[in-house]
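Biologist: I'm new to this one. Could you walk me through it, and tell me what's behind the terms you use?

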Amino acid sequence: MNPNKPSLYLPCETRNREFEAKLLLACHAAERGWRGVVGAKKAIDQRIARLPRGLYISKSITRRNRFILDIGKRLGHIVTAWDEEGLVFASPEIYRTTKVGATTLTIPEKLFAWGEANATAWRNHPAFNGTPISITGNPRADLLRPELRDYFADEARSLRRHHGDFILINTNFSLVNHFLPGKSLYRQMLQAKKQPISQYGSINGLALHKVKLFQHFIEMAQAVAQRFPWHKLIIRPHPSENLDTWRGIMAGHSNVAIIYSGNVAAWLLATRALIHNGCTTGVESFLLERPAIAYQPVVSEDYDSQLPNTLSLRVSDLNTLYMHIDNLLQGNTSGQETLLKKCHAHACQHIASFDGKSACERILDSLEPTKSLLLDRKKPPLVDQIIGWTAAESRRLFKRTQLVRRTTTDSTGYQQHIFPAVSQSQVETYLQRFSTLLNRFHDLQVDDLGDCIFALSKQ
């Protein structure tokens with residue numbers, strides 16, 4: 001690695017959701033003189049003690065991320081963070097309880113917010129200690145901007161050729177239908193009825209709401225499959241959901257497929273109608289100016305994720321749902337056009353990069369003063385280096401022991417599910433698409449560092 005270029009580390013936990021967006025940020029960074037390093041989070045984190053000191057952008061600030069962020073800081077990396085889950089949440093209270101670790105929040109030297117709503121949720125956390133927050137948006141939103149929508153055009157055409165005018169249901173039930181059965185503890189606890197629901201607190205109230213919605217979505221999916229037998233129905237579960245559960249539920253319907261593959265944007269561009277409830281794909285459809293239906297057979301002011309539902313056509317019963325699907329299958333998208341005009345300001349409040357500069361540009365503008373400091377940054381105290389190195393190696397060895405344990409998120413099976421292998425030729429293809437659409441990045445090179453980690457820099 002070139003020691004004269006500061007490194008920007010962009011770990012990705014879920015490939016289909018994060019990788020291409022962070023690759024786009026790495027391209028922008030390389031153009032500005034950084035070495036953009038993007039790849040599987042697990043692999044980058046396991047190498048953190050062996051990587052040149054750089055700037056690390058964590059994908060979240062949950063309690064379980066505290067350890068790796070502390071290690072990175074002790075080893076001399078500049079630790080920053082955004083939250084992939086910081087755009088859509090039921091309420092600020094539940095978000096702070098489930099997605100923000102009190103100690104973790106105090107470690108980053110800078111935070112990047114999706115929008116003002118995300119930033120406010122952080123500022124109001126009891127543990128917030130004044131860490132600078134840059135309201136930048138997220139590169140995932142950049143991929144959906146008009147200048148980059150054709151990035152997914154070929155894949156969308158392929159999906160349409162293969163599936164025809166299909167209906168898409170995106171689910172968001174990992175809390176009650178996790179890929180790892182042991183992670184569906186809330187559903188098991190609620191079904192066992194071990195204690196009154198009132199004693200479970202807000203998180204378990206959310207779980208109860210999800211259990212109800214899950215049952216309604218099962219009934220709705222079966223009804224839609226039967227009501228539209230000549231159309232393919234694709235169910236795309238959340239990245240952490242158990243696909244086999246849905247395969248069993250829909251086994252009797254020949255026009256249904258359970259598929260989790262590729263970036264969801266291609267599916268949103270290809271489908272005639274998206275159905276969801278409180279799912280980020282409702283926001284992504286809005287950004288793509290594509291129609292989305294929020295199916296809300298039960299409603300909760302406390303536990304519904306309001307943003308995606310607000311940016312969608314809201315329905316509460318099957319007959320109205322059928323009507324909207326019929327309209328969309330016939331190409332009538334007038335309701336979506338009305339929503340785009342009505343909700344523009346609301347979307348801007350949540351996504352800073354909805355208009356104007358892209359999130360990539362905003363993030364790198366914010367980091368510009370840091371770039372030169374990295375090269376001259378003094379090594380951390382020796383005691384911190386020793387503690388950091390020891391902790392990193394201990395963590396790496398522990399994680400290796402978890403590979404064969406099928407019940408953990410560190411297991412090989414789960415990791416292959418959320419981050420399928422990516423090759424250098426695929427990365428170069430993605431880079432070529434960016435280069436063609438934006439007419440830039442022509443002089444960038446890609447180096448394969450192994451273990452699905454890639455470095456982008458100027459030639």
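Modeller: Sure, starting with two helices: α1 and α21 are oblique to each other.

Biologist: Why are α1 and α21 called oblique?

Modeller: Their axes cross at roughly 60°. Angles under 35 degrees count as roughly parallel, over 145 as roughly antiparallel, 65 to 115 as roughly perpendicular and the rest as oblique, so that's the label here. Axes are lines fitted to C-alpha atoms, for helices over the stretch in contact, with angles from 0 to 180 degrees between N-to-C directions. Bear in mind that this is a predicted model, where local features need pLDDT of at least 70, side-chain atom pairs count only at 80 or more, and totals for chains, interfaces and linings use all residues. Numbering runs from 1 along each chain as its sequence is written, and side-chain values use heavy atoms, without hydrogens or water.

Biologist: What makes Phe-19 and Leu-23 in α1 part of a meeting with α21?

Modeller: Contact means heavy atoms within 4.5 Å. Phe-19 and Leu-23 are among the α1 residues that meet α21, whose side includes Tyr-430 and Phe-434.

Biologist: And what makes β6 and β13 edge strands?

Modeller: The open sheet has 8 strands, in the order β6-β5-β4-β3-β1-β2-β14-β13. β6 (133–135) and β13 (444–450) each have a single partner strand, so one side of each lacks a neighbour in the sheet.

Biologist: How do you know that β3 and β4 pair?

Modeller: Pairing takes at least two bridges found by DSSP. β3 (residues 54–58) and β4 (residues 78–82) have 4, in the parallel sense, so they qualify as a pair.
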